[in-house]
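Thank you all for making the time this morning. I would like to walk you through one model, moving from its surface to its interior and then to its charged pairs.

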Amino acid sequence: METLSLILLMLALILLTQVIGHYIRFIPTALIQIIAGTVAALLMSGLTIEVESEWFLLLFIAPLLYNDSSHFPREDLWRMRTAIFGNAIILVLLTTIVGGYFINWLIPVIPVAAAFALAAILSPTDPIAVNGIAKRVQIPEQILTLVRGESLINDASGLVAFSYAVAAVVTGYFSLQSATTEFFYMFIVGALIGLTISLAMNFLKVRLRRAGIEDVVFYALLQILTPFIIFFIAEEGFHASGVIAVVTGGILHALIKERTETFFAQEQTLTDNIWTMIAYTLNGIIFLLLGLTLPEATREIFADDAINNWRLMLYVIEIGSFILAIRLVWTMFFNWFDHRFFKKEDRDHRRPSFKQDLITTLVGVRGTITMVGVLSLPFLTESGEAFPERSLIIFLAAGVIIYTLVLATILLPVLNRGEAATAIALDLNAQKQRMIRRAISEIKQVTDEDNAVVAFDLLNEYHVMLRLLRAQEKSQEELDQFNDQLKALRLEAVQWEKEESKRFVAEHKVPDLLKKDVFRSIENRRKAIGKDSRFQIVQPIRKLWWKRKRSNMSSDALIQMTQVEHELYEKVMGTVIERLENCRSSYPPDVVQSVLEFYKRLRFKHTRWSSPIGGKDVDQQKEELCLKAIEVQRLEIANMSKEGDLSNEEEKELRRFIHYIESVVLYEYVE
């Protein structure tokens, strides 16, 4: 029960911290979550959380790295391979060795091997922490790509270096040859396992489909389980790097997905949506756990009178600054070397400025791997003695995490002033509009009497997206004018609808139940235009009441009322649509089209209610129309690519946009 309560508490805190982060924009959400976790731990006396590195890596790091690697642009990974591997391996080793000697010099009570362990676990960067800053600060895309790319690998290299340093403290023995051999074994075998299992899982899915299993939820679950299977087999079965295994498995999965997205669009859209929720939840829990473990992890060192608390704070600043200084020197050296020897023939290439080097240094925030690794330090050595300065090492690691995060929060906005104006962003608004117009045209061509209701609902979804894209091109003044005109025309249309309904009721015999419902619907639409929130609450209740009243009617009375309803809506909606067509000279085309689509959809909706449902199931109609629209949009992307209008990155971004459209019109579709 305590575990369940803790999980529910963390989920609630994730939601709360996201709301706080929305209002306090200058503080990254990750830092807010660390603070929230710390406060919760202080308020809940006696709370003890034991974080075991094995299950933490399996439960949190494996799925997150798999998801990140499957979405990482492989062109960028290949283009920046030298910088990424340099930061992920050489920089980690430099930080471990140079940082270890510095820590031992600064705090002599920490032995050299233990100092190496602390420096090694401080070497991995955490892109999740800096993502919160990147949302608020215009960090150059190349720098973000670098830190995200290196984080896919330096988790593994940092943990390997850390484990050997800890082993040296525990056993008193260290072999450079053995460490080097095992280092390469863990990397190479881990990569091979990731590739093998990823291929095996894909082969399994193909065989199961051939056997007739087509449940998209089943395959989505299988895909979610894949990183856990890869990590577990690599770590437990072959004692290789599970981190490298899930990264290579994720990259291979992305390659396979690109070649099968047309055939398994539903599965991939569902899987992507599930992954988004998993990543959102796990990222939040990670930083909450970090905050929850801080008080207990640092309580012992704060209670030790042998070391002054202010001196401890100074140690944190000195170590954190030195670790960042190593990164800065390495970044400057690598950029000079790269420019001098690899890019010297590229006239357009410019060596990054010192300001960019500094930004690259600051985005190397330390985070979850550091905390998880340091908490896994053993209490005793093989000789039965206490692990040297374990509490002090844990405190220093936790302090450096917070120090680097706070430093990045403060300095990155200052350094990036003016960068937003010069940053190059992908502006694909026109291409997206072209794709949506192509989908609208395709849906209109295949619309007939059987699928008209579904078709108009889908058209409405696409028109909404088209208006949102067009709105991005408008100024605030133009948007306000458009909204005012739309509201005015909708109110006029509601008034025409009311007048025509009164005229029809006066000329025909209309049942009282239908008469009440018609005028109540018109009034509710008028309130909805005025953004009366009560309409959103009352509408579902009214629908239930209407269905219940109909179910209590005799079959003859129901048939008679249905016929009258059909005639009423054909007459009223037809008149309103005709008057709207005549408004094209007094209102902008977008405004008129928006209201027209609504009333056409409303007319077909009531026509369908008044007749027996025959032919295909509504869900099947919806799926067929949606997939046709998606297919022509993919063809439109291919055409734009052939015309030379798209780069590889732009083409990938448009394909992501199609996945978003699928989630909107296929899975969030509501009649």
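Let me start with the negative surface patch, which is formed by E50, E52, E54 and E236. A patch here is made of residues with over 30% relative accessible area and no salt bridge, with like charges joined within 9 Å, and nonpolar side chains (Val, Leu, Ile, Met, Phe, Trp, Tyr) joined within 5 Å. Lys and Arg count as positive and Asp and Glu as negative, while His and the chain ends are not counted, and the place of a charge is taken as NZ of Lys, CZ of Arg, CG of Asp or CD of Glu. Within this patch, E52 lies in the loop between helix 2 (29-43) and helix 3 (53-71), and E52 counts as partly exposed because its relative accessibility is 45%. For that term, buried means under 20% relative accessible area, exposed means over 50%, and partly exposed is in between, with a 1.4 Å probe and protein chains only.

I should say at once that this is a predicted model, in which local features need pLDDT of at least 70 and side-chain atom pairs count only at pLDDT 80 or more, whereas totals for chains, interfaces and linings use all residues. Residues are numbered from 1 along each chain as its sequence is written, and side-chain values use heavy atoms, with hydrogens and water left out.

Turning to the chain as a whole, its secondary structure comes to 26 helices and zero strands, where helices (H or I, at least four residues) and strands (E, at least two) are DSSP runs numbered from the N terminus. Of its 671 residues, 51% count as buried. Among contacts with a separation of 6 or more, 80% are between residues 24 or more positions apart, a contact being heavy atoms within 4.5 Å.

Which parts of the chain pack against the buried residues of helix 6? Helix 6 (residues 112-121) is mostly covered, with eight of its ten residues buried, including F116, L118 and I121. These buried residues pack against helix 5 (81-106), helix 8 (141-171), helix 15 (368-375) and helix 16 (390-415).

A second interior position is G249, found in helix 11 (residues 242-260), and G249 counts as buried because its relative accessibility is 0%. Leaving aside neighbours within four places in sequence, G249 is in contact with Y66, G194, S198 and I230.

Finally, the charged pairs: a search of the whole structure finds six salt bridges, each being a side-chain nitrogen of Lys or Arg within 4 Å of a carboxyl oxygen of Asp or Glu. The side chains of R434 and E636 meet in one of them, at 2.6 Å from N to O. That pair links distant parts of the chain, since R434 is in helix 18 (residues 429-445) and E636 in helix 25 (residues 618-642), 202 residues apart. R434 counts as partly exposed because its relative accessibility is 26%, whereas E636, with a relative accessible area of 10%, is buried.

R438 and E636 also meet in a salt bridge, at 3.7 Å from N to O. In addition, R438 forms a salt bridge with E442, where the closest N and O atoms are 3.7 Å apart; both lie in helix 18, four residues apart, about one turn of the helix. Taken together, R434, R438, E442 and E636 are linked in a network of salt bridges.

Definitions and conventions: Areas by Shrake-Rupley, 256 points an atom, 1.4 Å probe, with all protein chains shown as cover.
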